[in-house]
Amino acid sequence: DRLLIMGHRMADIDAFGAAVGIYRIAMSMNKKANIVLNDVTSSVRPMMERFQNNPEYPDDMFLKGAKAAELVDAGTMLVVVDVNRPSITDEPNLLRLIRTIVVLDHHRTSSEVIDNAVLSYVEPYASSACEMVAEVLQYIADGIKVRPCEADAMYAGIVIDTQNFTNQTGVRTFEAAAFLRRSGADVTRVRKLFRENMVDYQAKAEAVRAAVYMDAFAISVCPAEGLDSPTIIGAQAANELLEIKGIKASVVLTDYNNTIYFSARSIDEVNVQVMMEKLGGGGHRTIAGAQMQGITVEEAKERLKAVIRQMMDEGDVS
């Protein structure tokens with residue numbers, strides 16, 4: 001009777017767009033639905049504001065995790081998007097409260113999985129969770145009409161996760177994008193929503209400028225002070241570093257809220273997923289991350305360098 005839709009902690013636009021797509025399916029089937037969102041990052045806020053104070057959407061479209069937990073009953077279903085590890089979901093408590101759980105994700109499963117799901121649709125070949133949800137939208141029922149702001153959110157998720165259709169992009173990615181375009185997604189509007197403010201841009205530039213090189217690896221630290229979402233800026237800096245000739249992989253560390261966040265990127269010669277798994281994280285072959293608590297940035301850097309040296313010794317770098 002009710003759907004709760006949840007992404008990962010510090011939701012990015014892919015998790016947000018996928019949640020909005022599932023929300024549209026629920027509404028089309030006359031089901032009550034809410035999106036669980038605890039922390040709104042600066043990357044998601046501009047898109048989210050288009051749904052808030054909008055007469056076409058209810059005031060409780062977005063709920064904090066604690067409020068969502070109060071609504072749970074025997075007729076509640078939980079849809080988890082863009083994550084399949086229980087510990088990094090936005091509100092892990094919901095996984096224990098709700099019996100009917102569906103998982104939709106494009107990250108390869110690790111040893112830690114949501115093991116009580118009635119349906120687990122994990123497709124590592126998909127570019128993004130938004131691509132998967134766009135496909136589901138087309139085939140789940142006749143005549144589901146996606147609104148332009150919903151199409152924008154999902155299109156943005158694909159654009160961000162594929163780095164403008166250059167990474168992990170297949171035929172299905174373009175078909176999903178074409179469907180969203182037909183549904184009213186506006187490329188220019190999406191681009192304008194994702195322009196950065198000057199402080200963020202300067203932090204990203206500083207991370208790129210201060211990168212140190214270890215053979216073909218770029219390692220840097222993104223300054224977090226004064227930023228709304230420093231982890232996202234760190235990820236963007238890691239993307240930028242890949243544009244430098246000779247760089248096989250880039251890793252940017254961000255010290256935020258007593259946690260060291262790693263953002264790792266590669267094009268094709270290094271499997272950064274394996275690299276981040278050795279540090280307790282995971283992700284994709286070309287996009288991965290990890291988090292560490294209780295250590296300094298310098299200690300985190302040394303651990304990373306040790307992993308890189310190990311991978312080189314073992315021949316994991318082509």
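This passage walks through the strands, cores and empty spaces of a predicted model.

A good place to begin is strand E1, near the start of the numbering. Five of the five residues of E1 (residues 2-6) are buried, so this strand is largely enclosed by the rest of the structure. In a regular strand the side chains alternate between the two faces of the sheet. For E1, both faces turn out to be covered: Arg2, Leu4 and Met6 are buried on one side, while Leu3 and Ile5 are buried on the other. Strand E2 (residues 32-36) runs parallel to E1, and five bridges join the two. One of the residues involved is Ile5, whose bridge partner in E2 is Ile35.

Attention can now turn to the nonpolar interior. In soluble globular proteins, nonpolar side chains tend to be buried together. Here the largest nonpolar core holds 50 residues, and Phe16, Ile22 and Leu180 touch the most other members. Helix H1 gives the largest share of this core, with 10 residues. A second core lies apart from it and has 25 residues, including Ala249, Leu253, Val307 and Met311. What does Leu180 contact, once its neighbours within four places in sequence are left aside? The partners are Ala134, Ala151, Met154, Tyr155, Ile158 and Ala185.

Ala134 also belongs to the buried residues of helix H5. Eight of the 11 residues of H5 (residues 129-139) are buried, so this helix is largely enclosed by the rest of the structure. The buried set consists of Ala129, Cys130, Glu131, Met132, Val133, Ala134, Glu135 and Leu137. These residues pack against two strands, E5 and E6, and against the helices H1, H6 (148-161) and H7 (171-182).

Not every part of the interior is filled. Rolling a probe the size of a water molecule over the atoms shows where empty space is left. One cavity of 30 Å³ or more is counted, and the largest cavity holds about 50 Å³ of space. Its lining is made up of 13 residues, of which Gly7, Ala15, Ala19, Val36 and Leu37 are the closest to its centre. E1, H1 and E2 each supply at least two residues of this cavity lining, and H1 gives the most, with three. By class, the cavity lining has 10 nonpolar, two polar and one charged residues.

The second largest pocket has a volume of about 250 Å³. Of the 14 residues that line this pocket, Leu3, Ile22, Ile25, Val79 and Ile140 lie nearest its centre. Which elements each supply at least two residues of the pocket lining? They are helix H1 (13-28) and the strands E4 (76-81), E5 (100-105) and E6 (119-122). H1 provides the largest share, three residues. The pocket lining divides into 13 nonpolar residues, one charged residue and no polar ones.

Further along the chain there is an open sheet of six strands, in the order E7-E8-E9-E10-E12-E11, with mixed pairing. Strands E7 (212-214) and E11 (282-283) stand at the edges with a single partner strand each, so one side of each is left without a neighbour in the sheet. Strands of a sheet pair through backbone hydrogen bonds, either parallel or antiparallel. Strand E8 (residues 217-222) and strand E9 (residues 249-256) run parallel and are joined by six bridges. Among the bridged residues is Ser220, which has Val252 as its partner in E9.

Key
Residues numbered from 1 in each chain as written. Predicted model: local features only at pLDDT ≥ 70, side-chain atom pairs only at ≥ 80, totals over all residues. Heavy atoms only, no water. 1 Å grid on protein atoms, 1.4 Å probe; cavity = no way out; pocket = protein on both sides within 12 Å on 5 of 7 lines; lining within 4 Å. Points joined across faces, edges and corners; volume = space filled by probe spheres on them. Helix = DSSP H or I, 4+ residues; strand = E, 2+ residues; numbered from the N terminus. Nonpolar A, V, L, I, M, F, W, Y, C, P; charged D, E, K, R; others polar. Core = buried A, V, L, I, M, F, W, Y, C linked by side-chain atoms within 4.5 Å. Buried < 20%, exposed > 50% of the residue type's maximum accessible area, 1.4 Å probe, protein only. Contact = heavy atoms within 4.5 Å. Pairing = 2+ DSSP bridges.
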